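This briefing covers a charged surface patch, a nonpolar core and two backbone angles. Please look at the sequence and the structure first.

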Amino acid sequence: MKTRRARLAAALLTTAVALTGCGGSGSDAASVPEGWGTLKTKGVDVSYPKGYARQSAAERGKHNAAAAVRTEDGRKVSVITVQLGFTEADSAERAAIAAEAGIQLGAKVEGQKDVELAGADEAKRIDFSFEATGEDGGPAEGTPVEGVILTGLDSSDTTFAIRIDAARGTLPDGDLDRIIDSVQVH
């Protein structure tokens, strides 16, 4: 009987904590702006602004569980990708190290810091920049590109990496913040 009461009390406490997080902004509850699309995967969901198109499995890279692309004048100017299980890391810190290793050669890593993502115990944010090569339908050669990777472990301790690349000036800071706020780790 005590076990049943303890479970009931724990369930009520969990519900109360979850309800406290609802309706506010920040990392307690992922928020998706109206009209945005959402990339849903087994371990993490992330939303993207109007103007992006979700890629099918045939269109996106074989290592990506989900992707959305924004194009202008026939060239990709911004890409949002989700990778799951990209490394065997057992912490957000180690996942971040592996994610940094995947940033293209010649990129400038501008920093790594803790970030709060809804549903994640811990997560890291890596900011970086590079000059586009002009290949694969991306921005013209030499175009400055800014990138962010959000990484950590989902509830099954599988690594995830959400990468957001955008040619400078094509993704407003407010939209980047809303993309990050929309992340839901499960």
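Glu141 is exposed (over 50% relative accessible area, with a 1.4 Å probe and protein chains only; buried is under 20% and partly exposed is in between), with a relative accessible area of 67%. The model is predicted: local features need pLDDT of at least 70, side-chain atom pairs count only at pLDDT 80 or more, and totals for chains, interfaces and linings use all residues. Residues are numbered from 1 along each chain as its sequence is written, and side-chain values use heavy atoms, with hydrogens and water left out.

**Surface patch**
- Glu141 lies in the loop between β7 (123–131) and β8 (144–153); strands are DSSP runs of E of at least two residues, helices runs of H or I of at least four, numbered from the N terminus.
- Together with Glu131, Glu135 and Asp136, Glu141 forms a negative surface patch.
- Members of such a patch have over 30% relative accessible area and no salt bridge (a side-chain nitrogen of Lys or Arg within 4 Å of a carboxyl oxygen of Asp or Glu), and like charges are joined within 9 Å.

**Positive phi angles**
- Asp136, in the loop between β7 and β8, has a positive phi near 55° and is exposed at 69% relative accessibility.
- Asp157, in the loop between β8 and β9, has a positive phi near 60° and a relative accessible area of 57%.

**Nonpolar core**
- The largest nonpolar core (buried Ala, Val, Leu, Ile, Met, Phe, Trp, Tyr and Cys joined through side-chain atoms within 4.5 Å) has 26 residues.
- Those touching the most other members include Leu39, Ile80 and Val183.
- β9 (159–167) gives the largest share of this core, four residues.

Terms used: Patch = residues over 30% accessible without salt bridge, like charges linked within 9 Å, V, L, I, M, F, W, Y side chains within 5 Å. Areas by Shrake-Rupley, 256 points an atom, 1.4 Å probe, with all protein chains shown as cover. Lys, Arg positive; Asp, Glu negative; His and termini not counted. Charge placed at Lys NZ, Arg CZ, Asp CG, Glu CD.
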